[in-house]
Amino acid sequence: MKTSASVVLLTSVLLGLFACARSAPVDAALRANGDSPPKAEAPPEAPPAFNANRAMQYVKEIVAFGPRPMGSANHKKVENYILTHLKRDTVEQDDFEVDTSEGKFPVHNIIAKLPGTRDGIVVIASHYDTNWPLRNTSYVGANDGASSSAAVLEIANQLRGKPRNGYSVWLLWDDAEESMRLPWFDPESLYGVRHLAQKWQDDGTLKKIKAFILLDMIGDADLNIDRDHNSTSWLEDMVYQAATKLGYQSHFFARDNEVGDDHAPFMQRGVPCADLIDLDYGYNNVFWHTPQDTVDKLSPKSLEIVGTVTLETLRLLDQK
Ligand SMILES: [Zn+2]
C-alpha cells in the first residue's frame with residue numbers, strides 16, 4: 001500500500017465524536033431478588049472468540065516459506081497452504097494472468113464463502129503476496145501480508161460450521177497487491193483486487209456487498225491502527241464502536257492517514273470500506289518493506305485485538 005505524506009491531526013475532535021459505546025449490563029440485583037430484568041435489556045454478549053496463538057502460528061508458517069512474490073514457487077506454496085485450511089469451505093478461485101513491465105505472471109485470488117441468512121455480503125480481506133522488487137532479499141512480510149492473512153484464516157475458523165444469523169461473509173486472500181516497483185507505482189499494483197472489483201461489478205455481486213473490511217499490517221506489537229480517510233466514515237465509526245465495546249479503543253484512530261490499499265477499487269465503485277492498517281511499523285515506519293519485517297516485531301495480542309474487533313464489527317453490521 002502507499003500513504004500520503006500529509007497526516008491530518010484531527011485526533012481529539014474525532015475521538016470526541018466517536019466515543020459513544022453502547023453498554024447493556026444486566027441488573028444482577030434484580031435477578032438475585034427473582035425479578036426479571038427490564039425487557040429492553042439484552043443479556044450481555046460474550047466478546048468474539050479468536051485464538052491468537054493459533055493465528056500467530058499461521059504467521060510463522062507463512063513466513064517460513066520465504067519471500068512469496070507472484071509467480072514464485074514459494075507463492076504457490078502459500079496458495080496451497082491457504083487452500084488446505086479451507087477444505088471444509090466453499091471456495092472460489094479467481095485466477096488470471098497479468099502482463100507487467102517485469103513479465104507475465106499468474107494471479108490467484110482465493111475466496112471462502114460462508115453463507116448467512118440475510119441478503120448481502122460482508123467481505124473481509126487480506127493480501128498474501130510479497131513485493132517483487134524485494135524478491136532477492138530475505139524479505140518475508142511478516143507484518144505486511146502474513147499477519148493479516150493469518151488473522152483471516154483464524155476468522156474462518158471462528159465462523160466455520162456455525163449458522164450465521166446475518167450477512168454472508170466472504171473471506172478474501174487477494175494476490176498481487178504489492179507494487180512491481182518501489183516506491184509505489186499505481187499502474188502496476190493492486191492487480192488482484194482490481195480484477196475482482198471489476199468482475200464483481202460485471203456479474204452483479206458488487207451491489208450485494210454491504211461492507212469491505214481490509215486487514216493490513218495488523219501484527220505490530222505496538223499496535224496503532226490509523227484512521228484512514230480513504231475509507232468510509234460510517235464503517236470506520238462502527239469499527240471504533242466495536243473496539244470501544246471490547247475495551248481496545250486505545251489502539252484505534254489516534255492517528256489520521258490517507259492510505260492507498262486493496263480497498264481502493266471497491267471504494268471507487270461505491271462499496272463501504274474500512275482499511276484497518278497500522279502504518280507506523282517501527283520508529284517512522286522503518287521496518288515497512290524491508291527485510292526487518294520479521295515475526296519478532298509482532299504480538300499475538302495485536303492479532304487478537306484486530307481479529308476480535310473485526311468480528312465485533314461484523315456483529316454490529318448484522319444488527320444494523
Ligand atoms: Zn506492502
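The largest nonpolar core of this predicted model has 88 residues. Those with the most contacts inside this core are Val-59, Val-122, Leu-171, Phe-212, Val-239 and Leu-276. Helix α5 supplies the largest share of the core, eight residues. In soluble globular proteins, nonpolar side chains tend to be buried together. Val-122 illustrates the contacts made by one core residue. Leaving aside residues up to four places away in sequence, Val-122 touches Tyr-167, Val-169, Lys-210, Ala-211, Ile-213, Leu-314 and Leu-317.

The chain as a whole was examined next. Its secondary structure comes to nine helices and 10 strands. Of the 320 residues in the chain, 48% are buried. Among contacts between residues at least 6 apart in sequence, 80% join residues at least 24 apart.

Helix α3 (52-64) contributes several buried positions. Its 13 residues should span 18 Å at 1.5 Å a residue, and the end C-alpha atoms are 18 Å apart, which agrees. The buried residues of α3 are Ala-55, Met-56, Tyr-58, Val-59, Ile-62 and Val-63. Seen down the helix axis, these residues fall within an arc of 150°, so they line one face of α3. Val-59, on the list of buried residues in α3, is also among the core residues with the most contacts. The buried residues of α3 pack against α4, α5 and α9 (300-319). Just after α3, Gly-66 takes a positive phi of about 95°.

Helix α4 spans residues 73-85 and has 13 residues. From its first C-alpha to its last, α4 reaches 19 Å, close to the expected 18 Å. Its buried residues are His-75, Val-78, Glu-79 and Ile-82. They cover an arc of only 105° around the axis, which puts them on the same side of α4. The list includes His-75 and Glu-79 beside Val-78 and Ile-82. The face turned away from this buried side carries the exposed residues Ala-73, Asn-80 and Thr-84. The cover over the buried residues of α4 includes two helices, α3 and α5 (142-159), and two strands, β3 (103-114) and β5 (164-174). Helix α4 is in turn one of the elements against which the buried residues of α3 pack.

Backbone geometry was then inspected in the loops. Most residues other than glycine have a negative phi, and most peptide bonds are trans. The peptide bond from Leu-182 to Pro-183 is cis, with omega near 0°. Pro-183 lies in the loop between β5 and α6 (191-202).

The loop between β10 (273-277) and α9 holds Asn-285, and His-289 has its place there as well. Asn-285 is not a glycine, yet its phi is positive, about 65°. His-289, also not a glycine, has a positive phi of about 55°. Burial separates the two residues. Asn-285 has 15 C-beta neighbours inside 10 Å and therefore counts as partly exposed. His-289 has 21 such neighbours inside 10 Å and so counts as buried; the cut-off for a buried residue is 20 or more.

Technical notes
Residues are numbered from 1 along each chain as its sequence is written. This is a predicted model: local features need pLDDT of at least 70, side-chain atom pairs count only at pLDDT 80 or more; totals for chains, interfaces and linings use all residues. Helices (H or I, at least four residues) and strands (E, at least two) are DSSP runs, numbered from the N terminus. The expected span of a helix is 1.5 Å times one less than its number of residues. A residue is buried if 20 or more other C-beta atoms lie within 10 Å of its own, exposed if 12 or fewer, and partly exposed in between; C-beta atoms are placed from the backbone. The arc is that of the directions from the helix axis to the C-beta atoms. Two residues are in contact if their C-beta atoms, placed from the backbone, lie within 7 Å. A nonpolar core is a set of buried Ala, Val, Leu, Ile, Met, Phe, Trp, Tyr and Cys residues joined through C-beta atoms within 7 Å.
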